[in-house]
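Student: I'd like to learn how to read a model like this one. Can you walk me through a few features?

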Amino acid sequence: MITIKSEREIELMRHAGMLVSKMHQFIKPYIKAGITTKELDALCEKFILDHDAVPSCKGYEGFPATLCTSVNDEVVHGIPSSRVLKDGDIITIDVVIGYKGYQGDAAWTYTVGEVDDDCKYLMEHTEKALYEGVKQVRPGNRIGDISAAVQAYAESHHLGVVRELCGHGIGKDMHEDPEVPNFGMPNTGPRLKPGMVICIEPMLTFGRRDVFLLEDDWTVITQDGSPAAHYEHTVLVTEDGYEILTPRLD
Ligand code: MF3
Ligand code: CO
């Protein structure tokens with residue numbers, strides 16, 4: 001069931017989304033060679049708790065941390081650990097924050113020091129693929145319009161579209177209906193209505209799109225070892241288009 005949010009609910013989701021944006025802004029200067037992903041996680045957990053909010057991933061289906069930290073060939077759901085970041089790495093930080101029962105969710109990929117041109121290309125075009133999807137958000141359009149726009153942009157830039165994971169509706173729960181795939185056909189799927197809130201989140205690879213799950217049962221990595229990037233926004237359907245509830249503050 002796809003829920004339509006009331007004005008009051010939208011206000012709370014704006015607040016949750018803004019905390020997600022602020023947390024990304026807060027952690028950015030710490031993303032440097034020498035820090036561990038566990039240290040990034042601890043800093044973000046404290047930031048969230050200090051803002052009277054909840055790190056919603058922690059304990060979700062047994063996930064052990066506040067952040068998903070996915071480095072290089074890790075696509076999503078990397079578990080913060082004693083892994084030390086080094087120059088040339090890319091790292092996706094994905095976080096869900098709850099505020100008074102409502103969730104905000106955003107991921108973006110960061111560079112550690114100077115990264116190679118392939119990673120720069122991958123990051124630039126994964127973020128642009130996200131905005132191609134966001135531009136399709138308006139009442140009357142359908143989920144497939146978003147999916148097709150993301151896929152067309154990604155594939156025309158020769159990037160792999162990971163198909164095993166999707167965007168999703170969001171509200172009281174971090175994962176609600178509908179599913180928002182990053183591939184598909186225009187003019188298919190549920191129709192968008194004002195008050196719906198969805199997460200659009202292309203996960204793109206520099207090589208083949210095939211992935212597998214590590215033995216930790218969380219970390220998804222590319223089969224060919226190529227780097228992956230992931231950008232995600234929480235997006236409200238408005239009367240005449242969209243509002244990004246997790247705006248970038250940088
Ligand atoms: N942002 C991620 C998602 O949309 C968060 C899920 S990680 C989990 O799927 F640990 F919470 F499951
Ligand atoms: Co999400």
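Tutor: Sure, and keep in mind that this is a predicted model. Let's begin with burial: a residue is called buried when its relative accessible area is under 20%, exposed when over 50%, and partly exposed in between.

Student: Is Phe47 buried or exposed, then?

Tutor: Phe47 comes out at 13% relative accessibility, so that residue counts as buried. Phe26, with 24%, is partly exposed.

Student: What about aromatic pairs: how many does the structure hold?

Tutor: Four. For the geometry, planes under 30 degrees apart count as stacked and those over 60 as edge-to-face. Phe26 and Phe47 have ring centres 4.8 Å apart and planes at 25°, so they are stacked. This pair links distant parts of the chain, with Phe26 in helix H1 and Phe47 in helix H2. Ring pairs also join Phe26, Tyr30 and Phe47 into a cluster.

Student: How are the planes of Phe63 and Trp218 arranged?

Tutor: Edge-to-face, with 80° between the planes and 4.9 Å centre to centre. Each of the two sits in a loop, and the pair ties together parts 155 residues apart in sequence. Phe63 is buried at 3% relative accessibility, and Trp218 is buried at 18%.

Student: And the metal: which residues are the protein donors of the cobalt ion (ligand 2)?

Tutor: Asp105 (OD), His168 (NE2), Glu201 (OE) and Glu232 (OE), at 2.0 to 2.8 Å from the ion. Asp105 lies in strand E5 and His168 in strand E7, so that pair ties together parts 63 residues apart in sequence. Asp105 is buried at 3% relative accessibility, and His168 is buried at 6%.

Methods. Residues numbered from 1 in each chain as written. Chains lettered and ligands numbered in written order. Predicted model: local features only at pLDDT ≥ 70, side-chain atom pairs only at ≥ 80, totals over all residues. Heavy atoms only, no water. Donors = N, O, S within 2.8 Å, 3.2 Å for Na, K, Ca; no water. Helix = DSSP H or I, 4+ residues; strand = E, 2+ residues; numbered from the N terminus. Buried < 20%, exposed > 50% of the residue type's maximum accessible area, 1.4 Å probe, protein only. Phe/Tyr/Trp six-rings, centres within 6.5 Å; stacked < 30°, edge-to-face > 60°.
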